[in-house]
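Grab a pencil and work through these exercises with the structure open beside you. Try each task on your own before you read its solution.

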Amino acid sequence: MHTLILEPHGPVLLIRLNRPEALNALNQQLMQDLAHTLIVADADDAIRCIVLTGSDKAFAAGADVKEMQNLTYAEVASADLYGPPASIIARIRKPIIAAVSGYCLGGGCELAMLCDFILASDTARFGQPEVNLGIIAGMGGSQRLTKLIGKSKSMEMHLTGRMMDATEAERAGLVSRIIPMADLVTEALKTAATIAAKSQLAIKAAKESVNRALETPLSEGLLFERRAFHACFATEDQKEGMQAFLEKRPARFSDK
């Protein structure tokens with residue numbers, strides 16, 4: 001796949017978006033390739049965490065305007081443009097870390113938000129500037145950004161097209177941490193390796209529980225969390241994790 005570069009790092013898969021001539025703009029081929037790659041990675045027991053990144057200059061500068069320019073309503077509606085791959089990415093059960101440098105705009109910002117959390121370099125710039133093209137976000141931007149940073153700031157960004165830098169993005173809750181650009185991918189891989197060393201049963205339960213907080217009322221989310229917590233006690237990893245803690249040694253998880 002020429003749209004992606006895959007780099008295995010032990011139990012971590014690093015995926016680099018690879019359309020440098022277009023600042024990694026998301027065309028349909030790239031999104032299809034990415035969805036397929038993530039489905040395969042999700043089913044591969046040797047892969048325990050995924051890092052998604054772009055280049056120093058751009059994570060992804062948006063959806064591919066050249067590809068979209070002459071499409072009609074009937075064409076985009078019939079194809080459900082960008083809907084199917086975005087839904088696939090949202091359903092991946094393994095953790096996905098977005099490592100963002102440079103421009104992360106429009107579809108790029110939406111793709112980063114489809115990941116489980118964002119590590120940003122100090123050069124990162126986030127925005128939903130679709131209004132400048134006479135359209136709106138179409139891959140979850142108006143929904144996920146609002147849930148992550150609140151109505152007022154999200155509304156301003158969607159109505160004006162304003163970008164925010166990494167510092168503002170971290171302060172607003174869009175970004176988990178800011179890392180110097182030269183260290184971003186290394187730190188993302190280190191973070192992914194930490195996740196990969198945990199019980200994957202517990203990791204999946206934690207991911208599903210956190211995501212429920214964005215999708216259900218508090219009472220339903222609390223019940224889901226509690227039942228997932230209870231279910232952990234049916235695993236060998238719970239016994240090993242607690243025994244290792246009491247014996248003051250690293251746990252040896254088996255994902256059972």
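**Exercise 1.** Is R162 buried, exposed or partly exposed in this predicted model, and which residue does E156 bridge to?

*Solution.*
- Start with the accessible area: R162 has a relative value of 26%. Buried would need under 20% and exposed over 50%, so R162 is partly exposed.
- Now look for the partner. E156 makes a salt bridge with R162, and their closest N and O atoms are 3.1 Å apart.
- Check the partner as well: E156 sits at 35% relative accessibility, so this residue also counts as partly exposed.

**Exercise 2.** Find the parts of the chain that the salt bridge between R177 and E187 links, then work out which residues make up the network of bridges with shared partners.

*Solution.*
- The R177 and E187 side chains come together in a salt bridge, at 3.2 Å from N to O.
- Place each end: R177 belongs to strand β10 (residues 177–179), while E187 belongs to helix α9 (residues 184–196). The two are ten residues apart, and the pair links distant parts of the chain.
- Check how open they are. R177 has a relative accessible area of 33%, so it is partly exposed. E187, with 22%, is partly exposed too.
- Now for the network: K153, E156, R162 and E168 are joined into one by salt bridges that share partners.
- To put this in context, a search of the whole structure turns up twelve salt bridges.

**Exercise 3.** Start at the hairpin made by β1 and β2. How many bridges pair these strands, and in which sense, parallel or antiparallel?

*Solution.*
- A bit of background helps: strands of a sheet pair through backbone hydrogen bonds, and they can do so in a parallel or an antiparallel way.
- Here, β1 (residues 4–9) and β2 (residues 12–17) are antiparallel, with six bridges between them.
- For one example, follow L4 across to its bridge partner in β2, which is L17.
- Look at the turn next. Two residues lie between the strands, and G10 in that turn has a positive phi of about 65°.
- There's a salt bridge to spot as well: E7 and R16 form one, with 2.7 Å between the closest N and O atoms. E7 is at 24% relative accessibility, so it counts as partly exposed. R16 is at 24% and counts as partly exposed as well.

**Exercise 4.** In what order do the four strands of the open sheet run, and which strands are at its edges?

*Solution.*
- Read across the sheet and you get β4-β6-β8-β9, with mixed pairing.
- The edges are β4 and β9 (164–165), since each of these pairs on one side only.
- Zoom in on the pair β6 (residues 103–105) and β8 (residues 125–127): these strands run parallel and are joined by three bridges. C104 stands opposite F126 in β8.
- Finally, find what lies across the sheet strands. Helix α5 (residues 107–114) crosses β4, β6 and β8, running at about 90° to β6.

**Exercise 5.** Is D64 buried or exposed, and which residues does it touch?

*Solution.*
- Find D64 in the loop between β4 (58–60) and α2 (65–68).
- Its relative accessible area is 9%, so D64 is buried.
- Leave out residues up to four places away in sequence, and D64 touches R19, A25, L26, N27 and Y82.

**Exercise 6.** Which residues of helix α12 are buried, and why do they line one face of the helix?

*Solution.*
- In α12 (residues 236–246), the buried residues are D237, Q238, E240 and A244.
- Look down the axis of α12: these buried residues fall within an arc of 170°, so they line one face of the helix.
- See what they pack against: α10 (200–215) and α11 (218–232).
- Just past the end of α12, K248 has a positive phi of about 55°.

**Exercise 7.** How many helices and strands are in the protein chain, and why can we call the chain as compact as a globular protein of its length?

*Solution.*
- Count the elements: the protein chain has twelve helices and ten strands.
- Its radius of gyration is 19 Å, close to the 18 Å that the globule rule gives for 256 residues, so the chain is as compact as a globular protein of that length.
- Of those 256 residues, 42% are buried.

Note on methods:
Residues numbered from 1 in each chain as written. Predicted model: local features only at pLDDT ≥ 70, side-chain atom pairs only at ≥ 80, totals over all residues. Heavy atoms only, no water. Buried < 20%, exposed > 50% of the residue type's maximum accessible area, 1.4 Å probe, protein only. Arc of directions from axis to C-beta. Contact = heavy atoms within 4.5 Å. Salt bridge = Lys/Arg side-chain N within 4 Å of Asp/Glu carboxyl O. Pairing = 2+ DSSP bridges. Axes fitted to C-alpha atoms, helices over the stretch in contact; angles between N-to-C directions. Rg over C-alpha atoms; globule rule 2.2 N^0.38 Å.
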